[in-house]
Amino acid sequence: MKKILGLLVMLFLAVMAAAGCSKEPTPQDRFDAYIKLWNEQKFDKMYDYLTEGSKEVISKEDFTSRYQKIYEDLQITDLKMTFKKPEEEEKLDKDTDSVSYDFSAKMNSIAGPIEFTHSAKMKKEERDKENNWYVDWNTTYIFPQLKDGDKIGISSIKPKRGQIFDRAGNGLAINGEVFEVGVVPGKLEGQKEHVIQQLSKLLKMTPDQINKALNASWVKPDLFVPLKRVSPDDTERIAQLIALEPVQTKRVGARIYPYNEAAAHLIGYVGSITAEELEKLKDKGYTSNDVIGKRGLEEVFDSQLKGTSGVKITIKKPDGATEVLAEKPVEDGKDISLTIDIDMQASLYAELAGEAGAGAAIDPVSGETLALVSSPSFDPNQATLGFSGDEWKDLQDNPQKPLTTRFNKAYAPGSVFKPITAMIGLTNKTITPEQTMEIKGLKWQKGASWGKYFVTRVHEANPVNLEKAMVYSDNIYFAQAALGIGKEQFAEALKGFGFEQEPDYPYPLETSTIGKLENEIFLADSGYGQGQIQMSIVHLLETYTPFVNGGNMVKPSLLLDTEKSEKAVVSPDIAKTVSSMLRKVVGDKDGTAHSANIADYPLAGKTGTAEIKEKQGEKGTENGWFIAYNTNSPGLMVAMMVENVLDRGGSQIPVKKVKNVFMQRR
């Protein structure tokens with residue numbers, strides 16, 4: 001009897017357990033699972049939760065692809081779907097076959113944040129002899145405004161690119177207009193070959209390039225097909241183009257560079273973004289339709305200049321009505337004002353015409369950069385409009401390298417470096433103004449260990465003090481001065497002048513370097529600006545600012561209203577002493593820069609000729625240098641470097657040119 005009773009109890013428990021296992025799923029659990037899949041964007045699995053009626057309206061493939069396409073097109077990120085599941089299980093009547101739940105959505109899109117709250121309907125359906133709850137889906141679940149038959153549209157408004165101005169408000173890179181030249185294909189009938197040949201010559205395009213444009217998939221006989229943009233200043237070419245009957249022109253917005261070649265390397269130009277550039281910038285909000293800075297300040301400040309496109313997401317109704325889903329207003333790019341004086345820029349560029357070299361000017365008191373010039377140059381307007389293949393090849397093959405920016409490169413400075421050695425030696429007390437060196441002949445070496453290597457000089461004098469060495473630009477004196485300072489002390493002092501430090505300057509400059517100073521020859525050569533010493537023309541100007549600021553070195557600035565920054569590098573007495581010697585370099589009849597002397601306009605400065613060769617005894621090339629400032633009115637300091645001056649005047653070439661600049665400004 002006990003056995004039978006035990007079996008009955010076990011049977012009862014088994015039945016009860018089976019009944020518990022077959023408990024019908026709740027609608028809130030089912031919808032909660034659906035929401036979780038939505039957050040994970042597992043659209044294919046979400047489809048399995050739809051009612052049969054919903055599945056009759058949309059296939060699994062269409063359901064999945066529609067969500068994916070909308071989310072991709074709208075660049076949906078940070079998706080957060082929420083459903084506040086009831087704390088207690090709802091007690092539904094057994095005949096209840098539908099229930100509704102509210103859910104909320106938050107997400108970011110290409111047009112900004114999108115938020116909404118909506119209601120979803122759950123239906124009970126029997127499948128495979130089991131009841132379950134399913135989502136009665138429709139398009140409003142994607143967005144409440146999106147009804148069946150509606151379409152989502154995205155429109156954008158391009159921002160105005162910020163403009164670049166000089167210190168007086170003159171436009172260096174402005175938004176203007178050019179002519180867009182094109183043809184209407186339907187008007188080419190009977191003269192297509194002739195017109196294409198003429199266009200090929202006038203637009204500097206190949207016939208294949210023109211035909212490719214005319215055969216694009218979107219082209220129709222009555223549509224204008226743009227081919228190339230032409231500057232409105234090119235009046236003769238525009239007249240010839242208009243004379244061709246099928247050719248049409250229209251004005252379109254474009255970037256304009258009013259000062260052409262004179263500021264091309266400084267300002268740069270813009271162009272359509274390339275696939276390679278987009279790959280690097282796609283995470284910074286750039287798109288395939290963007291125009292970006294290609295070089296110069298257009299590139300350096302591109303993120304500031306470009307602005308942000310305005311974007312609007314709309315729901316388009318079948319009757320033509322629209323409803324805004326999200327909108328991000330357009331943000332125009334920010335203007336940039338430079339310390340540049342465009343008249344000084346143009347003056348320096350004009351002086352360098354025909355030469356390969358660099359010129360720069362600063363206000364040595366404030367540190368404001370007044371000019372940055374590289375020569376030869378190129379036309380930034382044509383670069384923006386598009387160089388032809390031949391034009392681009394000519395620029396690249398030009399031996400003077402017009403595409404090279406020279407004012408930001410580091411070069412051997414030659415003798416313009418000697419005042420720095422003088423300041424270090426005087427500070428370390430390894431030399432004094434009165435001290436003389438016994439130097440005989442035009443060449444010198446420390447000892448037999450130097451082998452066949454000698455330091456040479458141009459002007460013979462004995463004995464030589466610091467002033468005479470500066471006036472005559474005596475290499476041997478400054479070589480011995482560097483050896484007297486010592487390798488460690490010399491290198492450490494140069495770091496105080498900014499060597500081996502990445503320049504803190506808006507336009508990227510190459511770092512000025514000391515080199516290894518691995519032996520006495522390198523140290524001696526470094527004393528007069530050879531060896532492995534390298535510096536940019538901007539840094540050269542910076543190292544001369546102590547001469548007009550009582551020993552304080554002023555950091556150059558390029559953006560208007562930058563706060564002045566300076567540091568003490570030498571004592572006021574040392575700065576004054578060396579500056580007086582630089583005045584004699586120009587004012588003394590024996591000075592190397594005496595040809596720059598201007599009556600009643602006391603220029604101080606230093607010449608330099610840097611040899612570019614592999615080893616002593618070879619005949620290489622030479623770069624000529626000159627840097628100058630007015631000791632009585634130190635508001636302008638100008639430096640210039642001219643390449644390949646050997647056997648044609650040396651440093652006297654930049655001396656003459658820099659003098660001309662001061663003559664125009666006196």
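Two strands are taken as paired if DSSP finds at least two bridges between them. The model analysed here is predicted, and the pairings below were computed from its atoms.

In strand β25, A639 is the bridge partner of A360. This pair belongs to the contact between strand β15 (residues 357-362) and strand β25 (residues 637-642), which pair in the antiparallel sense over 6 bridges. Both strands form part of an open sheet of 5 strands, in the order β16-β15-β25-β24-β23, with antiparallel pairing. The edges of this sheet are held by β16 (369-375) and β23 (603-612); each has a single partner strand, so one side of each is left without a neighbour in the sheet. From one strand to the next, the twist averages 10°. Helix α13 (residues 342-352) packs on the sheet and touches β15, β16 and β25. The direction of α13 makes about 30° with that of β16.

A further open sheet has 3 strands in the order β5-β12-β13, again with antiparallel pairing. Its edge strands are β5 (151-157) and β13 (322-328), each of which pairs on one side only. The twist in this sheet averages 20° from one strand to the next. Strand β12 (residues 310-316) runs antiparallel to β13 and is joined to it by 6 bridges. Opposite I315 stands E323, a residue of β13. In general, the strands of a sheet pair through backbone hydrogen bonds, either parallel or antiparallel.

Side-chain contacts were examined for H118, a residue of strand β3 (residues 112-127). The side chains of H118 and T140 are joined by a polar contact of 2.9 Å. When residues up to four places away in sequence are not counted, H118 touches Y101, D102, F103, T140, Y141 and P144. T140 thus appears both in the polar contact and in the list of residues touched by H118.

Internal space was also computed. The structure holds 1 cavity of 30 Å³ or more, and about 30 Å³ of space lies in the largest cavity. The residues lining the largest cavity are L172, Y257, Y259, N260, A263, A264, I267, G268 and P380. By class, this lining has 7 nonpolar and 2 polar residues, and no charged residues. The polar class takes in N260 and G268, because Gly is counted among the polar residues.

Notes
Residues are numbered from 1 along each chain as its sequence is written. This is a predicted model: local features need pLDDT of at least 70, side-chain atom pairs count only at pLDDT 80 or more; totals for chains, interfaces and linings use all residues. Side-chain values use heavy atoms; hydrogens and water are left out. On a 1 Å grid over the protein atoms alone, a cavity is a set of points where a 1.4 Å probe fits but cannot get out, and a pocket is an open set with protein on both sides within 12 Å along at least five of seven lines; lining residues have an atom within 4 Å of a point. Grid points are joined across faces, edges and corners, and a volume is the space filled by probe spheres set on the points. Helices (H or I, at least four residues) and strands (E, at least two) are DSSP runs, numbered from the N terminus. Axes are lines fitted to C-alpha atoms, for helices over the stretch in contact, and angles run from 0 to 180 degrees between N-to-C directions. Contact means heavy atoms within 4.5 Å. A polar contact is a pair of N or O atoms within 3.5 Å; within protein, one must be able to donate a hydrogen and the other to accept it, and residues adjacent in sequence count only if both atoms are side-chain atoms.
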